[in-house]
Amino acid sequence: MSTSPITPELVAKHGLSPEEYEKVLSILGREPSFEELGVFSVMWSEHCSYKNSRPELRKFPTTGPSVLVKAGEENAGVIDIGDGWAVAFKIESHNHPSAVEPFQGAATGVGGIIRDIFTMGARPVFLMDSLRFGSIEGETEQSKTNRRLFAGVVAGIAHYGNCIGLPTIAGEVYFDESYSGNPLVNAFCLGILRHEQIARGAAKGVGNPVFYVGAETGRDGLAGAAFASRELTEESKADRPAVQVGDPFREKLLLEACLELLASGCVAGIQDMGAAGLTCSTCETASRGGTGVEIDIQLVPKRAQGLSPYEVLLSESQERMLVIVNKGQEEQVKQIFEKWDLPYASIGFVTDDGRMRVRNGEKIVVDVPARALADDGPLYSRDAAPFVPPSQIDLSTVPYSDPLKALPALLAYPSIASKRWVWRQYDHMVRTGTAVLPGSDAAVFVVREAGKILAAATDCNAIYCRLDPKLGASIAVAEAARNLACSGAVPIGVTDNLNFGNPHKPENFYQLRAAVEGISEGCRAFNVPVTGGNVSLYNESPAGAIDPTPTISMVGKIDDVSHITTQTFKAAGDRIFLIGETGSELGGSHYLLVIHGRKEGAPPVLDFLKEIAIHKALLALIRKGVVRSAHDCSEGGLGVALAESCFGMGLGASIELVATNQRTDVLLFNETQGRIVISVAPSDEKAAAAELAKAGVPFRCIGIVTAEPELSITTGESIYAWPVNSLVEVFENAIPSLMES
Amino acid sequence: MRCAVIQFPGSNCDTDCQAALLSFFGVEAEIVWHKKTSLAGYDAVVLPGGFSYGDYLRCGSIARFSPIMDAVRLAASTGVLVLGICNGFQILCEAGLLPGTLMRNRSLLFRCEHIHLRVESDASPFTSVLHHGQVLRIPIAHGEGSYFADPETLRALDVNKQILFRYCDDRGNVTPEANPNGSLENIAGICSHGRNVFGLMPHPERVCDSVLGGTDGRGVFQSMIEWVADHRSSAIKQG
């Protein structure tokens, strides 16, 4: 054992509380070595142990007849999609690394989530991203920094995803002051596999050799998991060594080698080295296998001179895997690694004593019970502040704003504006499956080897979540489901990324707890299991916590290619229907934020039963083949949804809204939930109306698609009209003009 | 047609090309690992897109030293069809099988989108089923696709009608605005003097399926298949 004295200062520097250190002492029955202290520190960080969130996460519905691997069981959940095929998918954050080094931070976020998927034995097929930055408008130092972060993150995602050959097919980008200094980078990956190919991260078979394969270990990313579990401060830049450096080419080789290896039948268990690197992978595989693992640090391939055992254990160098090989099949495994020119070494073996034991040659530097380290970390239930419900917006305090100007202003607002500047940098067509390109409600991907059509969307309106965390989180689930329905898909699973501030602050902990409850209610209502996800706490900058951002990524299935639906109006003369009722609430709306500078009020009401009835009715119509286009109303309300539906085919729309005593700005830009704009051929108008009436959902024919590229909206006495080209121009140019100036 | 799709470390459009050939033309394309040294018996060779060796150093500059490249050179010299798509085009230029080079996009950003191409010559094994002046809609996805060659080389390409595709607008006008990457003379694809080696930046394999946004890419593969059927005897039998 190491003889470095363990002082209270050293314990504190490792982020362990005095109580947690007491627990370490009682588990070991002695004082830990310096290496052991490091090992406990990273494994018991929030990032690895979920010590502040695990009791909350238990509220998620995680089971269902199609769930093959449950949330928390392995690196990612697995869902049956029929005919012996399954999907593995997950979202994960890389917020803190991206704040200090946006390019590498985002790139390695993508690399990490891809490894989580192929560790399951699945071939990764597509990516999505959910991104949040501070405002990129204006010439302040902060907005320049935000633009640099935005550009760097997008370039980093592009670098990694493009090189490894996975299409980034959907995502979302929002800009809000609360993310200044603490951007959010959540990366999603989905992979496909046969049921019998599911691989396990368990160290099975006492005596089996443990192989290390992939990039050599360096000093990058030292104790990154612990870094990610702190608030960002002015001094965080000094943490740059905690950010890893990605090598997508190495990962491509690793990916192909691992899939070949898993197909060979030589593997007893496999686990990627992500957060907490070698430490996490050894103790987790041992814990899952009910076994022990013994490794020798001296055998680990290294790229830096003079790495100490502590550094090797805590390094988060990327593109590395731990593989437990069936004894006797080592030669076959070596041949595959050699084919792909990957460094590898046999660094240890599976034991039967339940211990994670690390040697440095003859000397034992770590000897701890694996299960206690991996699964018996501390758990906390923090104090939650009482919730003060937001009050309704008094419309008399909101001056009327001319819709003629408000609509282009909303379309030019970076959170609503076209994200083409972003996704044009991503290869979104490689693997030849992208049937609906980025920019529609949900991306649609045809998995040719399985003959299956998948849809995916990622959503979270964090303004709603800030004003009412539980309702906002439920709305995120409902919106994701609505987006899938608009593409013709039925949801099959959810992965969530919970991005919050420091949980020690009661208002933040309330947000976390309420959001989990909101997601749980939403997922139960839609009967979709949560298959896993990620928690990122301590998202704070010196200015305070971010708006709570529980990102929802939902995956759905489409039965037939003829059901694939997009948001764009397709032909002049088609009838436009609005499904769902329009209310008058402005709370939390982008109209209130963008035009009036107010981020307040009660978010729109959500009625699950009505919402579900509408999705079902829409899907029934799509399956009958009568829906030409479908687009949900979200940020910017009906006005923005109608404008976006006009984009893409050079068409326009003539809309007539029934005269009410409602203000036109409220009518066009409120964000009442559960509304979908569809278009149908004139010959299908009656059938569509009859079908919707039969389903008992509110709807109204509000206009027709026109050959003239003009959007005109009549409300009572007034007519508002915009040339579609001028709307396209503000929508498309908003982000490029900010980024290329 | 027997077709080989070369798999370099970092190739990522290899299975896309293989699937397109099989699904839409019934051609059994075989993935050939870059450490192999023979291409005997193949009528056509595809160097697919991707990031061979990570595109570290310079695109295609390491892949050209792969063991398989001697066999590619031999195949090219004996008249076998060699098609390089995107990274494959870059490798063919680095290997000296096609003239010129591909530089960083003018915007300095990676660009993935559908663009339009005008067929500049239908007198080649890769464009014979297309017609001169035809406009195709095919996606690009590259960061380094700006074609460059010295004036003398450009003149020779022009005179010999080796330029097979140029970037154009949707009506076939070759304009600076329609040039997505800054290529000289809007060049999107060129063939060798012997016309059996062809490199292009756009991805025809991505537009063979109407579900995936069009079938304008089929012409390139269809031309190759018909040419091989007509010239089967010229395929190499020894490697």
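The exercises below, each with a worked solution, deal with helix packing, the nonpolar core and the chain contact in a predicted model.

**Exercise 1.** Determine how the axes of helix α15 and helix α22 of chain A are arranged, and which residues make the contact.

*Solution.* Begin with the axes: those of α15 (residues 403-412) and α22 (residues 637-646) of chain A come within 10 Å and cross at roughly 70 degrees. Because angles of 65 to 115 degrees count as roughly perpendicular, α15(A) is roughly perpendicular to α22(A). The crossing of these two helices is right-handed. Turning to the residues, α15(A) contributes A:P403, A:L407, A:L410 and A:L411, while α22(A) contributes A:G639, A:V640 and A:A643. By class, the residues of this contact comprise six nonpolar, one polar and no charged.

**Exercise 2.** Carry out the analysis for α15(A) and helix α25 of chain A, and state which classes of residue make up their contact.

*Solution.* Helix α25 of chain A spans residues 724-739, and α15(A) packs with it at an angle of about 30 degrees, the axes being 7 Å apart. Since angles under 35 degrees count as roughly parallel, α15(A) is roughly parallel to α25(A). The crossing is right-handed. From α15(A) the contact draws on A:P408, A:L411 and A:A412, and from α25(A) on A:L727, A:V730, A:F731 and A:A734. These residues divide into seven nonpolar, no polar and no charged.

**Exercise 3.** Find which residues have the most contacts inside the largest nonpolar core, and which helix gives the most to this core.

*Solution.* The largest nonpolar core has 323 residues, and those with the most contacts inside it are A:M43, A:L411, A:A456, A:V477, A:I579, B:A44 and B:V45. One of these, A:L411, takes part in the contact of α15(A) with α22(A) and also in that of α15(A) with α25(A). Helix α18 (residues 469-487) of chain A gives the most to this core, with eleven residues. For B:A44, once its neighbours within four places in sequence are left aside, the contacts are B:M1, B:C3, B:V80, B:L81, B:L83, B:M224 and B:V228. As general background, nonpolar side chains tend to be buried together in soluble globular proteins.

**Exercise 4.** Describe the side of chain B that touches chain A by its elements and its residue classes.

*Solution.* The contact takes 23 residues from chain B and 23 residues from chain A. On the side of chain B, the elements giving two or more residues are α1 (14-25), β6 (111-119) and β7 (135-142). Sorted by class, the residues on this side are 14 nonpolar, four polar and five charged.

Notes:
Residues are numbered from 1 along each chain as its sequence is written. Chains are lettered from A and ligands numbered from 1 in the order in which they are written. This is a predicted model: local features need pLDDT of at least 70, side-chain atom pairs count only at pLDDT 80 or more; totals for chains, interfaces and linings use all residues. Two residues are in contact if their C-beta atoms, placed from the backbone, lie within 7 Å. Helices (H or I, at least four residues) and strands (E, at least two) are DSSP runs, numbered from the N terminus. Ala, Val, Leu, Ile, Met, Phe, Trp, Tyr, Cys and Pro count as nonpolar, Asp, Glu, Lys and Arg as charged, and the others, Gly among them, as polar. Axes are lines fitted to C-alpha atoms, for helices over the stretch in contact, and angles run from 0 to 180 degrees between N-to-C directions. Angles under 35 degrees count as roughly parallel, over 145 as roughly antiparallel, 65 to 115 as roughly perpendicular and the rest as oblique. A crossing is left-handed if the near helix is turned anticlockwise from the far one by less than a right angle, and right-handed if clockwise. A nonpolar core is a set of buried Ala, Val, Leu, Ile, Met, Phe, Trp, Tyr and Cys residues joined through C-beta atoms within 7 Å. A residue is buried if 20 or more other C-beta atoms lie within 10 Å of its own, exposed if 12 or fewer, and partly exposed in between; C-beta atoms are placed from the backbone.
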